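Open the model in your viewer and keep the selection tool ready. The tour goes from stop to stop.

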Amino acid sequence: MGFWENMNEELKNAVEEGWTVVKESAKIGKLRYRMHTLHKEAEKAFARIGGIVYEKTKACSDAITPEVEKLIEKIKEIEAESEALEKEIEATRKKESAEKK
């Protein structure tokens, strides 16, 4: 076999190996994306469950366990902090627009 034939054979092998790696990587990427999508779906379901429990406990506090009570308090703290941040954002926007005038 001549030099060019060897070179051609080596290039073919390298391309085949490269495509194999690309195909495997693409398959892994697709599987990871699917796994991510499944996790997001589960998070949405958990959030809906949590929302339902939260709404039910607001109406009837007899069914609240200490763990749920702590989580409800945490949600209330987050809501209050979120409202404060929204007010701060609004104040900052007003200040910036006033300074531009």
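**Stop one: a salt bridge in helix 1**

Select Glu 43: at a relative accessible area of 47%, this residue is partly exposed (buried is under 20%, exposed over 50%, partly exposed in between, with a 1.4 Å probe and protein chains only). This is a predicted model: local features need pLDDT of at least 70, side-chain atom pairs count only at pLDDT 80 or more, and totals for chains, interfaces and linings use all residues. Residues are numbered from 1 along each chain as its sequence is written, and side-chain values use heavy atoms, with hydrogens and water left out.

Add Lys 40. Its relative accessible area is 39%, so Lys 40 is partly exposed too. The two side chains form a salt bridge, N to O 3.6 Å (a side-chain nitrogen of Lys or Arg within 4 Å of a carboxyl oxygen of Asp or Glu). Both residues sit in helix 1 (residues 3–59), three residues apart, about one turn of the helix. Helices here are DSSP runs (H or I, at least four residues), numbered from the N terminus.

**Stop two: helix 2**

How many salt bridges are there by this rule? The count is two. For the other, select Lys 76 and Glu 73: their closest N and O atoms are 3.8 Å apart. They lie three residues apart in helix 2 (residues 66–100), about one helical turn. Lys 76 is partly exposed at 42%, and Glu 73 is partly exposed at 40%.

**Stop three: the rings**

Select Phe 3 and Trp 4. The structure holds one aromatic pair. Their ring centres are 5.1 Å apart and the planes meet at 75°, so the pair is edge-to-face (centres within 6.5 Å, planes over 60 degrees apart; under 30 is stacked, the rest tilted; Trp counts by its six-membered ring). Phe 3 and Trp 4 are both exposed.

Conventions:
Helix = DSSP H or I, 4+ residues; strand = E, 2+ residues; numbered from the N terminus.
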